[in-house]
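Work through the exercises below with the sequence and the 3D structure open beside you, and try each task before you read its solution.

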Amino acid sequence: MSVESSGRLQAMAWIGLLLIGIACFVAAPALGLSLAFWFYLALWITLASGLNIMSGFTGYLPFGYAAFYGIGAYAAAICVRKLGLNIAFGLAAAAVAGAVLSLIFARTLNLRGIYFSMVSLALAAICRILVANLPDWMAGGSFGITLGVGYRLGSYYALLVVMVATLLTVTWLARSRLGMALRAIRDDPDTAEVMGINVGRARLKAWMISAVIAALTGAIEAWYSNVVDADTAFDLLISTKAIIYAVAGGLGTVLGPVIGVIVMLFVDDMIWQRFPVLNVFLLGLVIVLLMMFLPRGILGTLLWHKPRLRRVLF
Amino acid sequence: MTTLLLFQTLVSGIILGALYGLIGCSLTIIYGTMRVVNFAHGDFVVAGCYAPLVLLGLLGLNPLLSIPLVFIGFFGLGMALYYLIMPRLRRADDPELASFLSFYGVSLMAGAAMLYFFDADTRSLNYSFHPSVLHIAGLLIPTARVVALAAGLVLIALLTWFLYRTLPGKALRATIMNPGAIGIIGVDINRLSGLAFGMAIGLAAVTGVLIALVFPAFGPFSGMDFTLIGFVVIVLGGLGHPVGAILGGVFYGLAEQLSILFLPQSLSPVVGFALLIGTVMLRPAGLFGRVGLR
Amino acid sequence: MIGLGRRALLATCILGGLSSGLQAQERQSIRIGMTTSSTGPFAVASQSGERGVQIWLDDVNSHGGIMLSGKKYRVELVKRDDRSDKQMVSRVYDTLINEDKVDALIAPFSSTLVAVAAPIADSGNKFMTSWAGSSDDLFRQGYKTIVSATTQASQIPVTSIDLAKSLGVDKLAIVFDDEPFPASTADAARALAEKAGLKVVLFEKYSKGSKDFGVLLQKAKAAGATGFYSTSYDSDLIAMIRQMKENDISFPFTYMLYASLSSVTGLGRDANDIFSHTQFDKTVNWKVTDGLTTDQFLAAYDRLFPKAAYPADFQTALAYGAAVVLQKAIETANSLDAAKLKAAALGFSGKTTLVSGQFEIDETGFQRGMKPIVLQQQVGTLKIVAPSDIATAKPIYPAPGWSQR
């Protein structure tokens with residue numbers, strides 16, 4: 001098969017999958033299926049893919065990813081509740097907040113590996129504490145903020161839009177020059193610099209895109225669940241779950257996080273139904289086993305052993 | 001705010017700092033020898049908090065006397081865990097990430113296990129010393145804290161002796177300094193790492209016993225808090241420097257207690273995190289370290 | 001794809017119509033949903049409340065059930081576990097409404113969890129009675145189907161602050177944990193204290209999960225406080241008491257809201273002379289209009305839970321009261337529709353007294369009746385010290401220091 005036709009096969013397969021996926025998601029509420037399940041499925045797919053931009057493509061593991069999620073949630077909540085604006089403004093404000101925060105944290109991108117991850121974690125914790133200690137009239141203090149937007153279904157469709165946009169962005173990244181630059185940075189930042197790639201700028205772009213995705217997700221979730229509070233919005237588990245789901249599927253691939261989320265949520269749901277007491281324990285065990293036997297993730301391992309599948313899956 | 005209050009706070013800071021330093025010490029041994037970030041470290045500390053509870057209940061054993069038992073038990077557990085997980089992880093493309101995440105999984109399992117056995121209510125060690133408070137130099141210090149500090153100092157002394165005067169200890173320090181070279185001179189790095197891991201877990205658990213004496217309560221999910229404290233401490237002290245960790249711990253302890261004194265308690269954790277960020281960005285070798293680790 | 005959607009929509013409508021028709025014919029029981037915490041900081045109190053609901057369940061079913069449209073239906077309690085976790089609550093109340101298809105709800109324990117359950121109940125259009133959602137803020141959100149059957153946070157400190165003032169406490173230190181109920185109540189306490197002329201020398205919140213209160217206690221002492229006031233949950237109070245003893249810190253007046261729970265009184269001598277809060281006591285006999293009286297209630301508790309680790313406390317009574325309110329609303333409205341139930345509750349508000357006190361709500365569901373009671377542990381037993389008309393003992397003030405106990 002020629003390179004061109006294999007590229008088209010890949011594109012067709014991907015578009016086909018995407019359309020089927022979208023159809024399922026759109027139809028789900030109409031069929032009376034559990035909105036909660038499908039909402040959170042879309043949410044984690046979006047978050048894991050957003051994280052993938054930083055970790056799979058650029059090689060950073062932001063343990064404080066939740067900071068962007070939380071700031072987005074609060075931006076939306078404050079707009080809607082304290083300023084009385086429409087939720088659309090809230091979402092826009094969330095995106096801006098995410099971008100601004102990522103700029104503030106941009107200096108940390110100079111760090112590598114574990115240092116970056118720990119500093120990221122610390123920054124998210126500081127965000128949480130600061131927000132929790134803002135005066136009540138500003139950010140609800142201990143009570144958090146209740147949005148009271150209503151039209152919950154709207155949040156679901158908004159999330160679908162963001163999810164598709166995220167997946168398309170990641171797809172574009174995988175093919176574009178920026179994406180190649182990022183992967184070069186991930187593999188060896190010094191060599192990338194030598195080759196003429198503007199490491200700082202490329203990284204920053206990826207960082208901002210990643211942050212905005214998380215912020216929008218946080219804002220939409222606030223709309224859906226109607227309440228934000230500092231502990232849940234900046235929860236470490238948000239970052240770690242996104243990382244684990246992305247890794248479980250396969251970092252650096254487009255479909256990886258999607259597969260990872262679907263499989264892990266399915267497993268988690270099954271565990272929750274049968275063994276609610278052992279839920280967390282089994283989740284931990286699954287993570288350990290995954291890292292021991294499938295460290296490249298499901299898709300990653302599959303592609304490693306059968307590289308010819310790269311024609312269709314990526 | 002009186003000077004009395006200030007001195008009380010400083011003493012508190014030093015005592016807690018010594019314990020935090022011990023946590024950092026054991027964590028840095030693991031990182032230094034294996035470049036593994038043990039996300040479950042705090043959970044082993046908390047397990048160590050529960051151990052004297054159980055031993056006191058079952059055998060009526062004085063918490064101080066339970067220390068050797070706890071150490072041996074957790075040493076074994078540590079080594080077992082090492083041999084179970086690490087060899088596989090070493091073969092991954094990215095062992096650091098793989099071990100980072102798998103120890104997060106271990107952390108979840110440990111927390112859930114403790115939850116199952118002990119319920120989520122916070123527990124306390126119902127062991128009081130008589131008298132419960134000592135008057136030293138005009139300050140009121142709970143006896144339990146003085147005892148914990150003394151025990152902690154003994155542990156630090158033992159550890160220093162081990163690291164600087166015994167052959168395995170020196171091998172350990174050599175591994176931290178240069179893991180590649182160690183293999184060349186014929187040391188079985190796998191066995192040494194297993195030993196180091198077991199020791200570190202044992203030490204973490206024993207630190208937990210002391211923490212149970214000092215803190216009024218703990219719960220199965222306090223693990224992550226201690227893990228984070230451990231990280232701040234080892235960054236302050238320089239990754240891979242056990243003695244630096246102790247100093248880093250004391251520094252952190254003082255900073256923490258002083259910040260509670262001067263700031264509202266709900267804001268005080270910011271100081272610890274700010275210290276971490278500041279040290280990493282400005283002095284990555286740590287306040288007391290000499291060379292940053294690759 | 002549009003065609004697919006429309007067809008699916010049509011199918012759903014037909015099926016929905018059929019099934020609701022079937023349901024109307026098939027009603028076997030009235031299903032009430034609630035969650036309890038098997039574990040976590042809210043476990044003890046939540047399970048105590050659950051026992052109260054069980055007492056109601058036993059009582060109502062022994063009389064054949066709840067009367068609806070001329071027929072008596074057995075009550076089925078659909079109980080799920082929330083593990084004191086906000087995210088569990090969210091998931092579980094969704095399940096209760098959409099999968100278990102309950103007819104009405106009883107709220108979980110703690111304002112923290114009720115804040116998560118309330119919007120779900122409200123948007124799911126299910127009536128919910130709350131027995132432990134005292135935070136005032138809950139009732140400022142515009143929920144239409146939630147009704148409170150417990151004293152609100154802003155009302156709780158009234159009795160205790162009045163008592164402190166009358167005993168001569170001049171400087172108050174208020175310490176609380178960063179959660180909705182403790183924060184609400186602490187805010188109210190500060191406002192009431194300042195209005196009564198007391199000086200609030202320390203007003204400090206600590207983050208949830210803090211375990212070390214040493215410096216905080218010392219700050220309170222150093223500020224010259226003669227009264228220590230904490231609205232935190234029982235697990236933190238236990239830690240505070242221990243550290244007070246270890247650091248030899250004591251105050252002439254110590255009020256700890258949840259110290260009336262057996263987890264705290266179980267500390268024995270160390271918890272002596274501490275003032276606490278309750279809404280139910282075996283010596284208090286309100287003129288009950290609905291449900292069991294105090295004596296009947298306690299007798300039922302002994303009968304149903306002879307081996308219970310803890311005696312009946314105010315959480316038990318409050319949850320029982322909430323269930324009675326729910327029953328009365330259904331029988332008065334003769335419907336399970338949330339809006340009609342709420343209207344019914346407003347209708348009998350002010351004319352209903354339960355074992356937990358007088359039930360009086362306003363438009364938002366905010367509870368205005370139910371006066372708080374202040375207890376003090378004296379020589380190991382809890383005695384009522386305020387309000388004076390139902391007091392069984394005189395308050396001990398000032399409390400002796402640790403060395404004198």
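Two exercises follow, each with a worked solution.

This is a predicted model, in which local features need pLDDT of at least 70 and side-chain atom pairs count only at pLDDT 80 or more, whereas totals for chains, interfaces and linings use all residues. Residues are numbered from 1 along each chain as its sequence is written, chains are lettered from A and ligands numbered from 1 in the order in which they are written, and side-chain values use heavy atoms, with hydrogens and water left out.

**Exercise 1.** Describe the interface between chain B and chain A.

*Solution.* Begin with contacts, meaning heavy atoms within 4.5 Å: 38 residues of chain B touch 38 residues of chain A. Next take the buried area, which is the accessible area (1.4 Å probe) that two parts lose on being put together, summed over both; here it is about 3,300 Å², and carbon and sulfur atoms give 85% of it. Finally, count salt bridges (a side-chain nitrogen of Lys or Arg within 4 Å of a carboxyl oxygen of Asp or Glu), of which there are zero between chain B and chain A.

**Exercise 2.** Decide whether C:S260 is buried or exposed, and find its surroundings.

*Solution.* C:S260 counts as buried because its relative accessibility is 9%, where buried means under 20% relative accessible area, exposed over 50% and partly exposed in between (1.4 Å probe, protein chains only). Leaving aside neighbours within four places in sequence, C:S260 is in contact with residues including C:H277 and C:F314. A polar atom of the C:S260 side chain lies 2.7 Å from the backbone oxygen of C:H277.

How values were computed. A polar contact is a pair of N or O atoms within 3.5 Å; within protein, one must be able to donate a hydrogen and the other to accept it, and residues adjacent in sequence count only if both atoms are side-chain atoms.
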